[in-house]
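Colleague: Please pick one part of this model and give it a close look for me. After that, I would like to hear how the rest is arranged around it.

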Amino acid sequence: MDPATLTAVDAASARVLADGMSDPDPVFVSRLKADSEAFTARRPKVTADAEDARILRSVLMKPESEHCAERLHDRGERLTRALAKE
């Protein structure tokens, strides 16, 4: 992502969320809003061009979900790599 900005992070998160849900092999994630101060404290090279950005998150809460974790992680990585190639 170049340049790395909060608005670009937010847009990429929205795209991965939408693409994941509409894929023939869907993967469902959610987004969490992070304010610019908290975000740039962890990622100082990202330009704070907005008050906040929504980032991807996924939580597997049930113990029986453990067997799906690796597959879901792989799906998420493929979605983000596809977006980065555009």
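**A close look at Phe39**

Modeller: Happy to, and let's begin with Phe39, which is buried at a relative accessible area of 11%. Buried here means under 20% relative accessible area, exposed means over 50%, and partly exposed covers what lies in between, with a 1.4 Å probe and protein chains only. Before going on, please keep in mind that this is a predicted model, in which local features need pLDDT of at least 70 and side-chain atom pairs count only at pLDDT 80 or more, while totals for chains, interfaces and linings use all residues. Residues are numbered from 1 along each chain as its sequence is written, and side-chain values use heavy atoms, with hydrogens and water left out.

Phe39 is found in helix H2, which spans residues 36-42. Helices (H or I, at least four residues) and strands (E, at least two) are DSSP runs, numbered from the N terminus. Leaving aside neighbours within four places in sequence, Phe39 is in contact with Leu6, Val9, Ala34, Val46 and Ile55; contact means heavy atoms within 4.5 Å. One of these partners, Ile55, is 16 residues from Phe39 along the chain, and their C-alpha atoms are 9.5 Å apart.

Several of those names come back in the largest nonpolar core, whose six residues are Leu6, Val9, Ala34, Phe39, Val46 and Ala53. A nonpolar core is a set of buried Ala, Val, Leu, Ile, Met, Phe, Trp, Tyr and Cys residues joined through side-chain atoms within 4.5 Å. In soluble globular proteins, nonpolar side chains tend to be buried together.

Leu6, another member of that core, has a long list of partners. Beyond four places in sequence, Leu6 is in contact with Ser36, Phe39, Val46, Thr47, Ala48, Asp49, Ala50, Asp52 and Ala53. Ser36, in helix H2, counts as buried because its relative accessible area is 19%. With the same neighbours left aside, Ser36 is in contact with Leu6, Ala48, Ala50, Glu51 and Asp52.

Now for helix H1, residues 6-22, where Ala14 has its place. Ala14 is partly exposed because its relative accessibility is 29%. Its C-alpha atom is 8.0 Å from that of Arg54, although 40 residues separate the two along the chain. Ala18 also lies in helix H1 and is partly exposed at 38%. Ala18 and Val29 are 11 residues apart in sequence, with 9.5 Å from C-alpha to C-alpha.

Val29 also touches Ser58, which is in contact with Phe28 and Val29 once neighbours within four places are set aside. Ser58 lies in the loop between strand E2 (52-57) and H3. Its C-alpha atom is 24 Å from that of Lys45, 13 residues away along the chain.

Helix H3 (residues 69-85) holds Arg75. This charged residue counts as buried because its relative accessibility is 5%. Not counting residues up to four places away, Arg75 touches Asp23, Asp25 and Val27. The side chains of Arg75 and Asp23 are joined by a polar contact of 3.1 Å. A polar contact is a pair of N or O atoms within 3.5 Å; within protein, one must be able to donate a hydrogen and the other to accept it, and residues adjacent in sequence count only if both atoms are side-chain atoms.

Stepping back, the protein has three helices and two strands, in the order α-β-α-β-α from the N terminus. Its C-alpha atoms fill a box of roughly 40 × 30 × 15 Å along the principal axes. Of its 86 residues, 21% count as buried. Among contacts with a separation of 6 or more, 61% come from residues 24 or more positions apart.
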